[in-house]
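Me: I would like a close look at a single part of this model, worked through slowly and with its surroundings. Please give the cut-offs behind each term as you go.

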Amino acid sequence: MTDRAVNDLHPFWMPFTANRAFKARPRLLATARDMHYFTPDGQAVLDGTSGLWCVNAGHGRAPITEAIQKQAAVLDYAPPFQLGHPLAFELASRLAMQMPGDLNHVFFANSGSESVDTALKIALAYQQARGFEGRTRLIGRQKGYHGVGFGGISVGGLENNRKGFLTLPGVDHLPHTLDLEQAAFSRGQPAWGAHLADDLERLIEQHGAETIAAVIVEPMSGSAGVIVPPVGYLERLRQITSQHGILLIFDEVITAFGRLGGLTAAEVLGVTPDLLTCAKGLTNGAVPMGAVAVSSQVYDTVVRHAARDGIEFFHGYTYSGHPLACAAALASLDVYEAEGLFERATGLAPYWEDAVHGLADLPNVIDIRNLGLVAAVELASRPEAPGARAMEVFHRAFDDGLLIRVTGDVIALSPPLIISKDQIDQLVDQLRQAILATA
Ligand SMILES: Cc1ncc(COP(=O)(O)O)c(C=O)c1O
């Protein structure tokens, strides 16, 4: 105990935050509604990032809030091990019905990180169940972000998140596909880069397919600064993995639930994985929840391998399929559907693309990339100070009433799917002013 004041800023060790800088200059969000946050003194902040890629239907949506409130009064909690409650089954069925291909089973977690670690464990369980105990190798991709569990940082490819921590043995990384010399200012999927998927052939040759369990990629990388898959790249990964008995996992924690204009990137881009992780937009960010959609082939193999009355997969969380999260997810799916928000994202995408590419003439802008309702503006780094320029833009934009997200010198934009054309113009204009002011 110290004699600090109650509600001191210091006890809260903030995640992925420069704690000392933040606490010297705090930025607090007090309330939110539709497209805006509001600071404690009432300043509106246009949400250019859907919170953290999750509030796809906009903030404070009444049907979602009411569903959570109602559920809290009906059934606050139910143990998910050897017991069930109706909403978890309803949500799993609804997701299974809408997921592409034969992704017909759903395992619930509480975050993207947990979903990723769950998916990696399912992949290992599947390979063992079909008699391939030697298939334990996992392959991720450079610049990949798969959350912060030990599994996720191992297959992830962001150095700051890995260094200093133990990582899993037997992990390799494919090359990332971002190359400004080849594909800067591409609109949508770059034409260049499909051949980079062939690096998987090299890893197969090096280690033998009989040692590889799964490949995990984000169909579109978000956290690394928006890396859009080259035309044909995901198709090629699908082809090689299928050919060699390797599972393909899509980490759709940010791409699922409308971000690219469909329920999943898999559906939009026409490539179906064997496992698909999601979170964030699943509950519109209102209650933590993650999920792994699993193919019938994988589920059946794991389940049939176990003794008849035995537990088939020794994994799960106290809050897997939490009643409040299920209520929030079902209500979010209702809102997405009733308001046609995925179709809305598809319809807005060309306007969005034109608007963000309109920033190409600004000083220090070295790339603009986009897909669906996502975009990135990459700035030239200041010598000796990578990330400083974009961080300055972030501060400036926030002070002027716009929330953006920065990773290194990349500004990432992913507004709620309810954004209007006028608000797109406003967002881009405010960003233009912030970039100009910090040039
Ligand atoms: C692709 C991807 N996977 C996993 C995660 C981790 O999710 P969480 O922060 O909910 O653990 C994220 C978070 O941004 C993500 O973008």
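In what order do the strands of the open sheet of seven strands lie, and with what pairing?

Reply: Residues are numbered from 1 along each chain as its sequence is written. The model is a predicted one, in which local features need pLDDT of at least 70 and side-chain atom pairs count only at pLDDT 80 or more, while totals for chains, interfaces and linings use all residues.

The seven strands form an open sheet in the order β4-β10-β9-β8-β7-β5-β6, and the pairing is mixed. β4 and β6 (171-174) are at the edges with a single partner strand each, so one side of each has no neighbour in the sheet. From one strand to the next the twist averages 20°. Strands here (E, at least two residues) and helices (H or I, at least four) are DSSP runs, numbered from the N terminus, and two strands count as paired if DSSP finds at least two bridges between them.

The part to look at closely is β10, which covers residues 290-295. With β4 (residues 103-109), β10 pairs in the antiparallel sense over six bridges, and within that pairing Phe-108 has Ala-291 as its bridge partner. With β9 (residues 275-278), β10 again pairs in the antiparallel sense, over four bridges, and there the bridge partner of Leu-276 is Ala-293. Strands of a sheet pair through backbone hydrogen bonds, either parallel or antiparallel.

Six of the six residues of β10 are buried, a residue being called buried if 20 or more other C-beta atoms lie within 10 Å of its own, exposed if 12 or fewer do, and partly exposed in between, with C-beta atoms placed from the backbone. In a regular strand the side chains alternate between the two faces of the sheet. Both faces of β10 are covered, with Gly-290, Val-292 and Val-294 buried on one side and Ala-291, Ala-293 and Ser-295 buried on the other.

Helix α12 (residues 296-305) lies across β4, β9 and β10, and runs at about 90° to β10. Such angles run from 0 to 180 degrees between N-to-C directions, and the axes are lines fitted to C-alpha atoms, for helices over the stretch in contact. α12 also packs with α5 at an angle of about 65°, their axes being 9 Å apart, and this crossing is left-handed, a term that applies if the near helix is turned anticlockwise from the far one by less than a right angle, whereas clockwise would make it right-handed. On the α5 side the contact involves Ile-122, Ala-125, Tyr-126 and Ala-129, which meet Val-298, Thr-301, Val-302 and His-305 in α12; the residues of this contact divide into six nonpolar, two polar and no charged. Residues are in contact if their C-beta atoms, placed from the backbone, lie within 7 Å, and of the classes, Ala, Val, Leu, Ile, Met, Phe, Trp, Tyr, Cys and Pro count as nonpolar, Asp, Glu, Lys and Arg as charged, and the others, Gly among them, as polar.

From α5 the description can be carried on to the ligand. Helix α5 (residues 112-129) gives the most to the shell around the ligand, with three residues. Of the 14 residues around the ligand, Ser-111, Gly-112, Ser-113, Gly-147 and Val-253 come nearest, a residue being near a molecule or strand if its C-beta atom, placed from the backbone, lies within 6 Å of it. By class, this shell has five nonpolar, seven polar and two charged residues.

How values were computed
Two residues are in contact if their C-beta atoms, placed from the backbone, lie within 7 Å.
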